[in-house]
Amino acid sequence: MELFEQLLQYTLSGLSTGAIYALIGLGFAIIYNSTSIINFAQGEFVMLGGMLTLFFHITLGLYLPLAVVLAVVVATAVGALFERLAISPLKDAEPIILVIITIGGSILIRGVAMLLWGKDTHALPMFSGNEPIILMGAAMMPQNLWIFGITLIIITANRFFFHHSISGKAMRACSVNRIASRLVGIDVKRMMLFSFVISSAMGAAAGIIIAPLTMTSYDVGVMLGLKGFCAAIIGGMSGGMGTVAGGLIVGVLESLGAGLISSGYKDAIAFIILLIILFIRPQGLFGKGEAERV
Amino acid sequence: MKFLEGSMKQELAKFFVFAAAVFTAPVFFKGGYIVNVLVFVGIYTILAVALNLLLGLAGQISLGQAAFFGLGAYISGVLTATHAANPWVAMVIAAIAVGIIAFVLGFPILKLKGHYLAMATLGMGIIVYIIFNETVDITGGPSGLSGIPNLSICGIIFNTDMKNYYLVWSFAMATILLSVNLSASRIGRALRALHDSEVAARILGVNVRLLKVQIFTISGIFSALAGSLYAHTVQFISPASFGFNVSIELLTMVIIGGLGSIYGSFLGAAILTLLPELFRTFQDYDIVVYGIVLIVITMFMPGGLVRGVPLLARFLLAKVKSGLPSEKRV
């Protein structure tokens, strides 16, 4: 019985970090699909979400929901600005050049955050209370429920946007064929901007809801970003449910591994899972095998 | 994206000019701090050239080069500091061991393409980094491993910056010469073919799978040698020197210098090693300045410094020429 409770406990906490990885991974996939760029600055928006909320709520003393909204808005603005200033001006650059620019952007954003807020680790207060909820012997914070709820809302909204709105459909068209999309009158440049806006907003939201559980600091974005990348790769770089499943798989297995095997190897476990999956299925767990065009 | 710009004769001439410059350079610096920095430029040149063979020549990305660098350093370090092995023997063992690891890992990893390959190599780098941190009994964990002896040859101990400069740069020049030779050889041509189209290369009878693994292995061995040199010159190693950010820095060196250009890799290594030293004066602002410089160089010289700087010079020259008469008119 004890083992069962432990397993349940690890699975629950794994699911909530997994939800975060899923949100970050979706951000990766959305940008990749509309620009062919792997955006290494993705993790920094996650960091910005947490740090900005902290700044608005603790330093400026704003009401928490207002601080959250402001943090998402500012982080999204940073994402949009980054796309306009550094990605958009390069029209015909190879993807690898743009990837290096996102690395530069990530270093820059992290550096500015360090200058503004220092190197200390901070905790954001829980959204609603510190009383754990006991569920079949496993303890869960109300914050976990917030994470599940908000993630669910974002993913649903995302799905609705990409399947039922004109802009969303246009963005999906861009991911299939950019030249053809331009020919039918889609403003590809604007869709690229949209992809950065959506991804940075989602990243920031993920950073905000996880911050009360895991603490936040200027360099928290690197590892979170990479785990999100893991999720997206396992999902076959799709902007849909594959990536969500990828995030949850990484989160749960990592949590189980850390609890049952060794917490020091927690981060390694996520990547070992990833390598095993890639070795068995080179196109990701949920990616479709593609015939290569020569 | 050619790897060789001219004929083999021109390449050799270029090589000897570069070698002459490298080996006379310390005379002008008369020792001091700059020589110490240039030792690191040498080590990173080896690493960047090794990655460039993989990325520029064969078109295969790796975001985990720091793993091979670190494995080389730790195998050398542990064998000499803990087990009192001869440093040269340790270096050879490190190179062979990393070669075998790269060869074995290469088969499943290089089956992958594009961002999947990037992610797999990245994962490999992070796993190795975590192992360095966690195997405290062997590696000393996060606090590092000290007491690694210097290399020595015929009674000369490489224990000053000046001696290390010649040691490291001898290895760097050998790496460059081997790489130039390799890319001019039959293997080099096959690799270029596979860079352009894997299917076409396979149709022409190139064993694509084996060839990719072989170049991955060579790249790993060069990186391991750089790691050994690092361990024996600095005499102290800790996991932080071989983390994810180092792999990323190496990639940046190759791209900023110029993808596919061997001397570009040297330029990239030099710039990225010297910049943080120059920016020390900015103190905490250095990381911000570094980020901006990285973005600006990549944005305005997407072909890398080897292609960007001559273009910039021509542009400025034209500006000056056309600018002069208009000034007279005023």
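Two predicted chains and how their terms apply

User: What makes up 49% of the 330 residues in chain B?

Analyst: Buried residues account for 49% of the 330 residues in chain B. A residue is called buried if 20 or more other C-beta atoms lie within 10 Å of its own, exposed if 12 or fewer do, and partly exposed in between, with C-beta atoms placed from the backbone. This is a predicted model, in which local features need pLDDT of at least 70 and side-chain atom pairs count only at pLDDT 80 or more, while totals for chains, interfaces and linings use all residues. Residues are numbered from 1 along each chain as its sequence is written, and chains are lettered from A and ligands numbered from 1 in the order in which they are written.

User: Why is chain B called as compact as a globular protein of its length?

Analyst: The secondary structure of chain B comes to 14 helices and four strands (DSSP runs numbered from the N terminus: H or I over at least four residues for a helix, E over at least two for a strand). Its radius of gyration, taken over C-alpha atoms, is 21 Å, and the globule rule (2.2 Å times the number of residues to the power 0.38) gives 20 Å for 330 residues. The two values are close, so chain B is as compact as a globular protein of that length.

User: Why is B:Ala84 counted as exposed?

Analyst: B:Ala84 has 9 C-beta neighbours inside 10 Å, so it falls in the exposed class. The residue sits in the loop between helix 3 (65-82) and helix 4 (87-109) of chain B. Its phi is near 55 degrees, a positive value in a residue other than glycine.

User: What makes A:Met215 partly exposed?

Analyst: There are 14 other C-beta atoms within 10 Å of A:Met215, hence the label partly exposed. A:Met215 lies in the loop between helix 8 (188-214) and helix 9 of chain A. A:Met215 is not a glycine, yet has a positive phi of about 70 degrees. Most residues other than glycine have a negative phi.

User: How many residues of chain A are in contact with chain B?

Analyst: In chain A, 33 residues are in contact with 30 residues of chain B (C-beta atoms, placed from the backbone, within 7 Å). Helix 4 (95-117), helix 9 (221-234) and helix 11 (266-280) of chain A each supply at least two residues of the side that touches chain B. Helix 4 of chain A gives the largest share, 13 residues.

User: What is that side of chain A made of, by class?

Analyst: The side of chain A that touches chain B has 28 nonpolar, four polar and one charged residues. Nonpolar means Ala, Val, Leu, Ile, Met, Phe, Trp, Tyr, Cys and Pro; charged means Asp, Glu, Lys and Arg; the others, Gly among them, are polar.

Notes
Two residues are in contact if their C-beta atoms, placed from the backbone, lie within 7 Å.
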